[in-house]
Each structure stands twice: as C-alpha cells, then as structure tokens.
Amino acid sequence: MFAGKAANLIEEGYQKFKSKTYQLIRQDSSIVVLPLSLLDELSSLPAKVASPNSALEHDLLGNYTGINLILESRLHHSIIQRKLTPRLEVITPYLEEELASAFKDLFLECDDSDWHEFQPYQIFGRISARLTARALVGRDLCRDPTWNNISFNYTENLFRTIVILRLFPPWLHPFLFYILPSYWNGRSYLKSAKALLGPKLHNFITRNDNGSWTTEDSEGESNVLAWLAELAKGTDRNPDTLAHVEVLLALASVHTTLLRMVNVLYDLTANPQYLEELQLEIQRETESKEGWNNNSYSKLHKLDSVLRESQRMSPPTTLGLKRLFKQSHTFSNGLYVSEGTYVCLPTFAIENDPEHTENPESFDGLRAYRQKQQESLSGGVTASGAGKHDFSSVGRTVLSFGYGKASCPGRFFAALIIKMLFVKLLTEYEFSFLPNTKRPKNLMLHEFLFCWPWQKMLFRKKVGGCPF
Ligand code: HEM
C-alpha cells in the first residue's frame, strides 16, 4: 500500500529510473515522477500551465479541508513575500520578547540543575504557534488561547483528514468525510478564526477605507493581520477571507517549523560534538563590537548549517515540486504531459543521492558551513557570507523549500525563529535522550515525515545567559 511504504517506493523508483519519468500508483490517484533534468523547465512554467497551488489543493484535499481558498486568492503568498520577509529585522525584537515569554509560560520552570522529563513536540509546538502568532496576528492576540488552539489544531486535524481519506479512492471521499471528526473539527476551527479575527479585521478595513488608518512600522501594527487589511483588494477584501488566509498561513508555518525544531534537537543531542562550537558562535556575536542585535542571527553560520543538514536528512516530505497540469504540455526532451496530470520530483532521494551529497547517510552538521567557507575563499559569496549554502537557500539538489518562483516565501521567517529557539536552548539548557535510548526515528506516512508527538526527552537548566 502506497501510504505505508511511499518512502521506499519513491527511493526504489529513483534508483531504477533516475533520469527517466515514471508513475506511482497511490490509493487515491496516480502521480508522475519527473527526473531532475526537467527541474528548471518545470519550475519556470507559468501557473496557468503547471500550477503549484492546484497541486497543493489536490494533495490537501481542498474541498474537505478549506484549502481550496488558495485557488482563488494568492494573498497568503504575496503577504509573506511582500510584507513579512522584508520586515523581519523590524520584528526580531518582538519575536525575541515572545520567545522569552513563551518559555516562562510553557517550558518547565526549574531553579535546580536536576534532569526533568519533557515532550519536545508538545512544548515546541506551542512555542512555534506563539512565535508564528506574534507575526501573524500581533501582540494583542498572539497569547490568546483560542487563536493558539486554532493555529495548532487546525493543521493536526487537516492531516488526520487527509491521511485517512487518501487511503481510499476519490469516489468514496464524499461519503467518508462526513464521519470523520477531524473534518468537523477543522471546519469549527475555521469558523472560530473568523469569529475571533473578524471584528479586528473589519475595524482595520473600515478605517483604512475612510482614510483614517494605515499600518506603520510600530509594534502594534507590524503583523500580517494589519498588512492584510491594508493590502487586500477586490473579493479578498473582506474579514472572513482574510481570517481564512490567516489560518492557512498558520498551517504553512507552525508544523513545518515545529518539525525542524524537534529534528534539530534530536540531531544535536545525537551529535553533541557540535554543541561547544555553536555556543562559541553565539558568544562571539554577543561579545562583538555591535553586541547582540537584529542582524546577529544571519551571522550564526554554523547553526544555519546544522539546520540545513537536519532538513536534508528529515525533510517534511519526500516529494516536492508538485504541479498539476492545467494544460497539456510537451517538454523540450519530447515528454508529453496531458492536462490534469499531477507531477512531482523525488526531492529527498535527489538530495540524498551520493552524486549530490557526499556520505549522505552521516549527519555532518558543518557541511554547508565548510562549503560556504570554501566559496568565500574563492570570492563567490557576499561579505556577510550569505549565499547558496544557507538554510533558506534553494538549489538544484536542495529542494525542501521548493525551487524557482514558487519556492516557499516563509523560509526566511522559519530560519529566524528556529535559530532564535536554538540560541535560547543552547545557552540555557542541556538535553539528553531517555536512558538507553537513541535518536528517535522519523515516522513516515504517505510521502510525509512526522515526529512521534509523545516522545519524551530530558533537559536540565545550566548556568549561562541567553543574549536576549
Ligand atoms: C521549515 C519550514 C518550512 C518548510 C520546509 C516549507 C516548505 C514549503 C514548500 C516545499 C512549499 C511549496 C513550494 C513549491 O510549490 O514548490 C512551501 C510553500 C509555501 N510556504 Fe513554506 N515551508 C516552511 C515554512 C513556512 C513558513 C514559516 C511560512 C509562513 C510564514 C510558509 C509559507 C508558505 C506559503 C505561503 C507557501 C505557498 C503556498 C502556495 O503557493 O499556495 N512556509 N513551503
């Protein structure tokens, strides 16, 4: 069954047909897997020919999960690209404040130096939801339990719905969804989001329309909710649609960053040889002439490299570059794809192919850091060291954030909040797996990778100061 052995089937297919096109049969449909040689051509096709959002809508069963809004509106993409990403430095202090406050509320407060049990997925899930909320809904609402509940549980329920429905052929879906509690929960979270965010959005829109309000780069209004009310036009410009966009953004952000947070913790605990270097890197930035500042995160090149290595070995999905063909198309190599075909690339297999990554089975936390250093010596990167080996950079064989114009617009925000969490963890805590246990394995279902939500680990507080 595809659901249970998707990762193996995709890997086998890649080994057998590396430079060819092949088909995989899922329970609910069949998908066409393209070779890496078609990456550039595929990613530059216009959405009216090969649509990324229609493929996402298809995968996440839009009619049953509320994702179908992305077929009508592109606001969720443009608001991140045009508003959030350019303002990351402005909101960095607010995010730091939120993280410190979330730690007080959620992380077990302990004054002793004893080891304590905790569940990383549960705690980091709440932290990811709080940090995302500070950017999405601003200070007034980001600690609201109703919003935090919606932003975490909408996604959990959506995945329950699709994992179950995709076990069955599409003709059964219209009968099955009725009996899934996760379907009804998802709807109810959407409704609550509209009720919670609607009045504030309505107020912003009305005041903006009569010329009495615009956003400023001030704390209260440096958030997606305010930017949406200012930017939305036409049919998007109504509180229900904008609240729906907010929920979709929480879906795109909370669990993807959570997965990375948990996996980086596992990877660093399993490879403690990196801890001292990472701590020294943070210390160097803290003691630098400028001191710790909004730009310090972009100088944590070793930590950045660890994030990238972790994502290579445990990405959220083994398939990427998913596109639904809206028109028939013939590629330059003669491959004909008919209208309605769903295509993708085996991104995990590509990135972990020894031809693209040396010793792919070993976790080499400073792999990208060394590549960056080498390139810097040969004059290939900017003075700040930013370049193609960053966690947030995409490349022909680094595809977990997509590739080309449709690649993830939220990856810079993701990099910032994951690093922020690890600056805090590395300077104030020590971690260990439970006695006689090793790094937990990733769970695989369909093409997705998950972490076991109830996994326990140990932490203890140590002497040392977080720079914020
Ligand atoms: C480590 C964390 C993340 C990973 C691995 C990830 C990965 C991805 C991938 C693979 C895509 C699809 C690209 C394609 O179609 O080729 C995507 C799209 C997207 N992501 Fe992310 N993402 C992450 C975090 C975020 C965050 C934090 C946000 C928001 C702040 C975000 C917002 C989006 C949006 C709006 C889209 C576009 C969806 C569309 O076009 O309909 N992502 N992401």
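A residue counts as near the ligand if its C-beta atom, placed from the backbone, lies within 6 Å of it. With that in hand, let's explore this predicted model.

**Exercise 1.** Find which residues come nearest to the ligand, and sort the shell by class.

*Solution.* Step 1: start with the 27 residues around the ligand; Ala 252, Thr 256, Gly 402, Cys 408 and Gly 410 come nearest. Step 2: sort the shell by class, which gives 14 nonpolar, 11 polar and 2 charged residues.

**Exercise 2.** Work out which helices and strands each supply at least two residues of the shell, and which gives the most.

*Solution.* Step 1: the helices are H3 (52-59), H6 (75-84), H14 (239-270) and H19 (411-428), and strand S5 (320-325) joins them. Step 2: pick out the top contributor, H14, with 6 residues.

**Exercise 3.** Decide whether Cys 408 is buried or exposed, and describe its surroundings.

*Solution.* Step 1: locate Cys 408 in the loop between helix H18 (367-377) and H19. Step 2: count the other C-beta atoms within 10 Å of Cys 408; there are 20, so Cys 408 is buried, the cut-off being 20 or more. Step 3: leaving aside neighbours within four places in sequence, Cys 408 is in contact with Phe 401 and Gly 402. Step 4: check the record, where an unreviewed UniProt entry places a "binding site" feature at Cys 408.

**Exercise 4.** List the buried residues of H6 and say what covers them.

*Solution.* Step 1: the buried residues of H6 are Leu 75, His 76, His 77, Ile 79, Ile 80 and Leu 84. Step 2: their cover includes helices H5 (69-72), H8 (120-136) and H13 (224-231), along with H14 and H19.

Methods. Residues numbered from 1 in each chain as written. Predicted model: local features only at pLDDT ≥ 70, side-chain atom pairs only at ≥ 80, totals over all residues. Helix = DSSP H or I, 4+ residues; strand = E, 2+ residues; numbered from the N terminus. Nonpolar A, V, L, I, M, F, W, Y, C, P; charged D, E, K, R; others polar. UniProt positions renumbered as here; feature names shortened; annotations may be inferred. Buried ≥ 20, exposed ≤ 12 C-beta atoms within 10 Å, placed from the backbone. Contact = placed C-beta atoms within 7 Å.
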